[in-house]
Amino acid sequence: MMGSASPHTLPLRRNQGLIWASQSLFPEAPVANTTLTFEIDGAIDTERFVAAFDRVVRSSTALRSVIVETENGPAVAVRSEPPATTEVVDLPGERLDAWAADRMSVPLAMDRCGYDSVLVRHGPERSTWYLCVHHVITDAWSSALIFAATAAAYSGQEIDDPNAGLAAAVSSNGTRSAAVDHWAAVDGSTWETSLYRDGPPTTLSHHIETAFDAERRRRRDHLLDGELRMLSRDLGLLTAFATVVSAFLHRVGGRDSVRLGIPVHHRRSTETRTAIDLLMEIFPLDLTVEPGDTFRSLHQRTGRALVDL
């Protein structure tokens, strides 16, 4: 049964607003469905598994969050109980991919529940957990935390409040947490500042490059120059993708300047690394295709911009 909504609602945070805007533009498209399937080998106690995920949802403010319309626009409300429980279906393994593709093609109804959990049983010794969560309430980092917490609950371990170290997004008086406000301010000011092409307004502080900054840039350039690779596989793929997008838009639309939204996870402390929540923020990456650019030169400049982001 769906739990009642909290009497308090909060406006969407900036990161949520950006994601919700894309969903609102394409309401019939699953643009914010984040879906994973976890293969489970060995016999599994169905009732115990369902109860385990319910425990995780009860412990998580984010997973119990829904989006409601208010006179001031969309807002977050938190259910007192899990909005939905895990469904159990029996399905041959060879039909899983087609079944999952159909299921994930339907956008989650965020006014009712922000997740879709299904235990798919293929036989006595093989199952798959299908979990789809709307991106407006969690990020990719949270997916691993949800899986680990469910495994712990299934094995009978106590589940710590995933937001114990991070102030809850909705407190007893309906105020926003200090941590949430901090990241919203950082993200908002970054987008705002980057809009000023001719320099920031006088009310913003000006950063003076120090000798340390210059040395850091020198080392960065040494690492990036002359090679089509980056400091990590993920960052390397992101650099290549951003370069391709910029080059494509330049060739097709004649655009010399491109602004891309780049997700940054913002999980630098123990508290944030263990929180099931949408802590990811989207920062602007401004790229310019210059006359005479090759793919290599554009790639190198993109890499430097990402490192400085």
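**Core packing and aromatic pairs**

In this predicted model, I146 is in contact with F53, L63, W129, L131, V133 and I276, when neighbours within four places in sequence are left aside. I146 and W129 are the residues with the most contacts inside the largest nonpolar core, which has 30 residues. Two or more residues are given to this core by each of the elements α1, β2, α2, β6, β7 and α4, the last of these spanning residues 140–154. Helix α2 contributes the largest share, four residues. Another core, of ten residues, lies apart from this one and includes V89, A100, V120 and C132. In soluble globular proteins, nonpolar side chains tend to be buried together.

Aromatic rings were examined next. Seven aromatic pairs were counted, with ring centres required to lie within 6.5 Å. One of them joins F38 and W129, whose centres are 5.5 Å apart and whose planes meet at 35°, a tilted arrangement. F38 belongs to strand β2 (residues 33–41) and W129 to strand β7 (residues 126–134), so this pair ties together parts of the chain that are 91 residues apart in sequence. Both F38 and W129 are buried.

F53 and Y115 form an edge-to-face pair, with 5.4 Å from centre to centre and 85° between the planes. This pair also links distant parts of the chain, as F53 lies in helix α2 (residues 46–59) and Y115 in strand β6 (residues 115–123), 62 residues apart. F53 has a relative accessibility of 0% and therefore counts as buried, the limit being under 20%. Y115, with a relative accessible area of 3%, is buried as well. The four residues F38, W129, F53 and Y115 belong to one aromatic cluster, together with F49 and F147. A further ring, that of Y154, has the charged end of R48 sitting over it, 4.8 Å from the ring centre.

Helix α1 (residues 14–25) has twelve residues and spans 17 Å from its first C-alpha to its last, close to the expected 16 Å. Its buried residues are N15, Q16, I19, W20 and Q23. These residues cover an arc of only 120° around the axis, so they lie on the same side of α1. An α-helix has 3.6 residues a turn, so residues three or four places apart point the same way. The cover over the buried residues of α1 includes strands β3 (65–70), β4 (73–78), β7 and β9 (281–288).

Methods: Residues are numbered from 1 along each chain as its sequence is written. This is a predicted model: local features need pLDDT of at least 70, side-chain atom pairs count only at pLDDT 80 or more; totals for chains, interfaces and linings use all residues. Side-chain values use heavy atoms; hydrogens and water are left out. Rings of Phe, Tyr and Trp (its six-membered ring) pair if their centres lie within 6.5 Å; planes under 30 degrees apart count as stacked, over 60 as edge-to-face and the rest as tilted. Buried means under 20% relative accessible area, exposed over 50%, partly exposed in between (1.4 Å probe, protein chains only). A charge sits over a ring if NZ of Lys or CZ of Arg is within 6 Å of the ring centre and within 35 degrees of the ring normal. The expected span of a helix is 1.5 Å times one less than its number of residues. The arc is that of the directions from the helix axis to the C-beta atoms. Contact means heavy atoms within 4.5 Å. A nonpolar core is a set of buried Ala, Val, Leu, Ile, Met, Phe, Trp, Tyr and Cys residues joined through side-chain atoms within 4.5 Å.
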